[in-house]
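The following report considers how the nonpolar residues of this chain are grouped, and then turns to one pair of helices.

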Amino acid sequence: MRLAEVRLHQGRWRDALKLLEDELPSPMEQANAPLLRADILLRFVRDITGARDAYQTVLAATPEDSPDAGRAAWGLADCLFAAGEWDRAERKYTALAELSENVFVVGPPPPPGYPRGRSPELMGIFGHRDEGRMSPAYAALRTAEISLRRGDLQEAAARFKQVAQEHRASAFGNDALERL
């Protein structure tokens with residue numbers, strides 16, 4: 001499993017996929033191997049059906065409140081987006097963003113004398129919302145992209161602007177700003 005992650009990081013997704021298909025995952029990797037396989041199928045192979053099946057398998061095999069189930073749920077939203085199922089994808093992203101809205105990841109402690117608080121400026125440095133693929137910022141960017149793909153340019157512009165303002169210290173905020 002670890003070697004597959006290394007191969008993927010190196011850009012060798014075909015090797016990573018082959019390793020995942022050939023190896024039996026250890027008990028600790030029971031959910032991670034199918035999740036990584038699903039991510040590769042969706043992002044590199046563009047096999048939406050295969051990825052959707054893998055994410056659903058993980059959801060069926062893991063507790064509903066586990067991080068693996070959360071990752072699989074976000075993966076299913078990405079499958080809907082990739083398939084062009086805009087209405088369903090938008091509903092899924094919105095629901096997932098609401099679930100993760102209050103997740104606060106604590107970062108390293110600030111240096112002595114540094115002002116404390118949860119201002120947006122400090123959140124991006126010393127504690128932040130998870131700005132990965134399972135975050136409200138990602139969901140907001142995706143829903144803005146959905147508006148654009150539907151051809152609703154005014155709504156898309158408003159949503160991109162909101163993402164850029166609310167998540168300015170994240171890569172997703174930068175992506176939204178670029179789209180404006």
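The largest nonpolar core, meaning a set of buried Ala, Val, Leu, Ile, Met, Phe, Trp, Tyr and Cys residues joined through side-chain atoms within 4.5 Å, has 21 residues, and those with the most contacts inside it are Trp 74, Ala 89, Tyr 93, Phe 160 and Ala 176. Buried stands for under 20% relative accessible area, exposed for over 50%, and partly exposed for values in between (1.4 Å probe, protein chains only). The helices listed below, which are DSSP runs of H or I of at least four residues numbered from the N terminus, each supply at least two residues of this core.

| Helix | Residues |
|---|---|
| H5 | 67-82 |
| H6 | 86-100 |
| H8 | 136-150 |
| H9 | 153-166 |
| H10 | 171-179 |

H8 gives the largest share of this core, 6 residues. A second, separate core has 19 residues, including Ala 33, Ile 40, Ile 48 and Ala 72.

This is a predicted model, in which local features need pLDDT of at least 70 and side-chain atom pairs count only at pLDDT 80 or more, while totals for chains, interfaces and linings use all residues. Residues are numbered from 1 along each chain as its sequence is written, and side-chain values use heavy atoms, with hydrogens and water left out.

In helix H2 (residues 13-22), Trp 13, Ala 16, Leu 17 and Leu 20 are buried. Seen down the axis of H2, its buried residues fall within an arc of 95° (taken from the directions from the helix axis to the C-beta atoms), so they line one face of the helix. On the other side of H2, Arg 14 and Asp 22 are exposed.

Conventions:
Axes fitted to C-alpha atoms, helices over the stretch in contact; angles between N-to-C directions.
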